[in-house]
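Student: I would like to go through the labels on this structure and hear the reason for each one. Please set each value against its cut-off.

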Amino acid sequence: VEVFKQKTLEYYQPINDLTVEDIEATVYAYVQAILDDVCPGAKVIDVALSGSRCRGLEQETSDIDVVVEYEGDIKEDTLFNYLHEEDFSLCGLKVDINPITESKTGTLETYLPTVETYLAEKVKQQNMEVTLYVAECNEFHALSHHIQSILQHPQNL
């Protein structure tokens with residue numbers, strides 16, 4: 001978890017003056033307040049910025065993805081629905097909160113490596129270079145089909 005968070009600090013592009021710590025602390029308090037209302041005794045364990053913003057891959061309007069590990073007697077799907085009943089945003093950007101528990105999805109320690117793998121694939125796709133060339137008329141159909149296949153399935157490169 002600490003290695004993931006350290007890497008996030010390296011790549012994070014500040015939103016106005018909002019730091020990673022600000023985002024995580026705000027989401028922590030928001031989720032804990034909802035847990036206090038809907039499932040007394042439940043508690044947030046830890047929060048981590050995830051998604052494109054944790055690796056500097058975001059677009060200007062990208063949302064803010066956050067994963068929250070918690071413990072309590074409320075299902076992940078149920079908590080997810082409570083968290084998304086109203087729009088929650090920071091600096092005008094939607095915050096997408098993904099709650100996880102050790103018993104269902106896993107802990108941050110086991111979950112974040114899957115996030116890292118997903119983000120590494122996203123970086124690979126962004127860095128992929130496609131070179132096009134002009135083909136003779138009788139080659140065009142085969143070339144077009146090949147290019148279309150590459151663009152639809154870049155993971156097969």
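Helix H4 and other labels

Tutor: This is a predicted model. Start with helix H4, residues 108-127: at 1.5 Å a residue its 20 residues should span 28 Å, and its end C-alpha atoms are 28 Å apart, so the two values agree.

Student: What makes the buried residues of H4 line one face of the helix?

Tutor: Seen down the axis of H4, the buried residues fall within an arc of 95 degrees, so they line one face. They are Leu-108, Tyr-111, Leu-112, Val-115 and Leu-119. In general, an α-helix has 3.6 residues a turn, so residues three or four places apart point the same way.

Student: Which elements do the buried residues of H4 pack against?

Tutor: They pack against helix H1 (2-11) and strands S1 (43-50), S2 (64-71) and S4 (93-100).

Student: Why is the aromatic pair of Tyr-30 and Phe-88 called stacked?

Tutor: The ring centres of Tyr-30 and Phe-88 are 3.9 Å apart, and pairing asks for centres within 6.5 Å. The angle between the planes is 5 degrees; planes under 30 degrees apart count as stacked, so the label follows. The count comes to 1 aromatic pair.

Student: What does the pair tie together?

Tutor: Tyr-30 lies in helix H2 (residues 20-38) and Phe-88 in the loop between helix H3 (76-83) and strand S3 (89-90), so the pair ties together parts that are 58 residues apart in sequence.

Student: Why is Phe-88 called buried, and what is Tyr-30 called?

Tutor: Phe-88 has 13% relative accessibility, and buried means under 20%, so Phe-88 counts as buried. Tyr-30, with a relative accessible area of 21%, is partly exposed.

Student: What makes Val-38 partly exposed?

Tutor: Val-38 lies in helix H2. Its relative accessibility is 32%; partly exposed is the class between under 20% and over 50%, so the label fits. Leaving aside neighbours within four places in sequence, Val-38 is in contact with Ile-74 and Tyr-82. The C-alpha atoms of Val-38 and Asp-73 are separated by 9.9 Å, and the two residues are 35 residues apart along the chain.

Student: How many disulfides are there, and how do Cys-54 and Cys-91 count for exposure?

Tutor: A search of the whole structure finds 0 disulfides. Cys-54 has 0% relative accessibility and therefore counts as buried, whereas Cys-91 is partly exposed at 42%.

Student: How do you know that Arg-55 lies over the face of Phe-4?

Tutor: Arg-55 is at 4.4 Å from the ring centre of Phe-4. The distance cut-off is 6 Å, with a further condition on the ring normal.

Key
Residues are numbered from 1 along each chain as its sequence is written. This is a predicted model: local features need pLDDT of at least 70, side-chain atom pairs count only at pLDDT 80 or more; totals for chains, interfaces and linings use all residues. Side-chain values use heavy atoms; hydrogens and water are left out. A disulfide is a pair of cysteine sulfur atoms within 2.5 Å. Buried means under 20% relative accessible area, exposed over 50%, partly exposed in between (1.4 Å probe, protein chains only). Helices (H or I, at least four residues) and strands (E, at least two) are DSSP runs, numbered from the N terminus. The expected span of a helix is 1.5 Å times one less than its number of residues. The arc is that of the directions from the helix axis to the C-beta atoms. Contact means heavy atoms within 4.5 Å. Rings of Phe, Tyr and Trp (its six-membered ring) pair if their centres lie within 6.5 Å; planes under 30 degrees apart count as stacked, over 60 as edge-to-face and the rest as tilted. A charge sits over a ring if NZ of Lys or CZ of Arg is within 6 Å of the ring centre and within 35 degrees of the ring normal.
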